[in-house]
Amino acid sequence: MKITLIAAGIMFIPQRGWAPVETVVWEYNQALSRLGHSVQMINTRDTNEILTEINQFEPDVINLHCDEFANLLSDIKHPKKIATSHYPYIEQKEKHGPWAETFNSFVNGNFYIFCLSEGIKNTLEINIKSRTICWGASYLNCSSNSEKKINSFIKPLSTVLKVLIAYNF
């Protein structure tokens with residue numbers, strides 16, 4: 001399977017030191033590659049470059065890891081799109097402020113959402129029940145050396161991606 005992972009383009013991947021989202025994207029890339037998938041990582045702020053790279057790669061699945069690009073997913077003419085929100089206050093609407101537009105992009109988007117907790121799923125499900133998939137955050141407390149924990153997370157992710165493709169989500 002060909003999978004595109006889109007990061008924020010703020011920090012280098014792989015990152016040494018503190019960079020939680022970039023570490024997750026890197027570890028997804030490594031683990032999914034070991035499972036035999038062809039993985040493309042896009043890590044740029046340039047949305048035109050993102051679109052060009054996606055079109056050239058022709059992935060089976062696109063997985064976005066940058067909340068502020070959620071509106072970009074709606075513009076991508078690709079049927080299998082997933083966003084994973086890493087916004088820490090998604091469950092606290094009173095703290096959204098300028099992020100409210102991004103939150104609305106998630107609510108109104110034409111893509112599936114991998115939720116990192118039941119709380120995030122419950123927050124988003126108010127308006128989008130059929131598009132949320134709870135996907136626990138067991139990897140969040142892992143260091144990049146905890147391969148056992150990462151693999152226990154990635155193998156089920158790989159299975160979910162295959163099921164979503166098989167049922168033409």
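Visitor: In which strand is threonine 4 found?
Guide: This is a predicted model, and it should be read as one. The strand in question covers residues 2–6. Threonine 4 is therefore in a DSSP run of type E, namely β1.

Visitor: Is threonine 4 buried or exposed?
Guide: The cut-off for burial is under 20% relative accessible area. Threonine 4 has a relative accessible area of 0%. That value is under the cut-off, so threonine 4 is buried.

Visitor: With which side chain does the side chain of threonine 4 make a polar contact?
Guide: Start from the contacts of threonine 4, leaving aside neighbours within four places in sequence. They include Ile42, Ile54, Phe57, Pro59 and Val61. Gln40 is also on that list. The polar contact of the threonine 4 side chain, at 2.6 Å, is with the side chain of glutamine 40.

Visitor: How many of the five residues of β1 are buried?
Guide: Threonine 4 is one residue of β1, and threonine 4 is buried. The strand as a whole is largely enclosed by the rest of the structure. That follows because the count of buried residues in β1 is four.

Visitor: Over how many bridges do β1 and β2 pair?
Guide: β2 covers residues 38–42. One bridge partner pair is lysine 2 with serine 38 of β2. The two strands pair in the parallel sense, and the number of bridges is five.

Visitor: Which residue of β3 is the bridge partner of leucine 5?
Guide: β1 also pairs with β3, in the parallel sense, over four bridges. In this pairing, isoleucine 3 has valine 61 as its partner. For leucine 5, the partner in β3 is asparagine 63.

Visitor: Which residues point the other way from Val61 and Asn63 in β3?
Guide: In a regular strand, side chains alternate between the two faces of the sheet. In β3, Val61 and Asn63 point one way. All four residues named for this strand are buried. The ones pointing the other way are Ile62 and Leu64.

Visitor: In β4, which residue is the bridge partner of isoleucine 62?
Guide: β3 is joined to β4, residues 81–84, by three bridges. These two strands run parallel. The partner of isoleucine 62 in β4 is lysine 81.

Visitor: How far is the backbone nitrogen of lysine 2 from a polar atom of the side chain of aspartate 60?
Guide: Aspartate 60 is found in the loop between α2 and β3. Its C-alpha lies 6.3 Å from that of methionine 1, although the two are 59 residues apart in sequence. From the backbone nitrogen of lysine 2 to the side-chain polar atom of aspartate 60, the distance is 2.7 Å.

Visitor: Does aspartate 60 count as buried, partly exposed or exposed?
Guide: Under 20% is buried and over 50% is exposed. Aspartate 60 has 31% relative accessibility. That value falls in between, so aspartate 60 counts as partly exposed.

Visitor: Over the face of which residue does lysine 2 lie?
Guide: Lysine 2 lies 4.7 Å from the ring centre. The structure holds zero aromatic pairs, so this ring is not paired with another within 6.5 Å. The residue under lysine 2 is phenylalanine 57.

Visitor: What is the phi of glutamate 58 near?
Guide: Glutamate 58 lies in the loop between α2 and β3. Its relative accessible area is 59%, so glutamate 58 is exposed. Its phi is positive in a residue other than glycine, and is near 55 degrees.

Visitor: Which residues have the most contacts inside the largest nonpolar core?
Guide: This core has 26 residues. Elements that each supply at least two of them include α2, β3, α4 and α5. A second, separate core of ten residues includes Ile3, Val24, Tyr28 and Val39. In the largest core, the residues with the most contacts are Ile6 and Leu124.

Visitor: How far apart in space are leucine 116 and threonine 84, C-alpha to C-alpha?
Guide: Leucine 116 is in the loop between β5 and α5. At 10% relative accessibility, leucine 116 counts as buried. Leucine 116 and threonine 84 are 32 residues apart in sequence. In space, their C-alpha atoms are separated by 7.5 Å.

Visitor: What percentage of the residues in the protein chain is buried?
Guide: The chain has six helices and six strands. Along the sequence they follow the pattern β-α-β-α-β-α-β-α-β-α-β-α. Of the 169 residues, the buried share is 50%.

How values were computed
Residues are numbered from 1 along each chain as its sequence is written. This is a predicted model: local features need pLDDT of at least 70, side-chain atom pairs count only at pLDDT 80 or more; totals for chains, interfaces and linings use all residues. Side-chain values use heavy atoms; hydrogens and water are left out. A nonpolar core is a set of buried Ala, Val, Leu, Ile, Met, Phe, Trp, Tyr and Cys residues joined through side-chain atoms within 4.5 Å. Buried means under 20% relative accessible area, exposed over 50%, partly exposed in between (1.4 Å probe, protein chains only). Rings of Phe, Tyr and Trp (its six-membered ring) pair if their centres lie within 6.5 Å; planes under 30 degrees apart count as stacked, over 60 as edge-to-face and the rest as tilted. A charge sits over a ring if NZ of Lys or CZ of Arg is within 6 Å of the ring centre and within 35 degrees of the ring normal. A polar contact is a pair of N or O atoms within 3.5 Å; within protein, one must be able to donate a hydrogen and the other to accept it, and residues adjacent in sequence count only if both atoms are side-chain atoms. Contact means heavy atoms within 4.5 Å. Two strands pair if DSSP finds at least two bridges between them.
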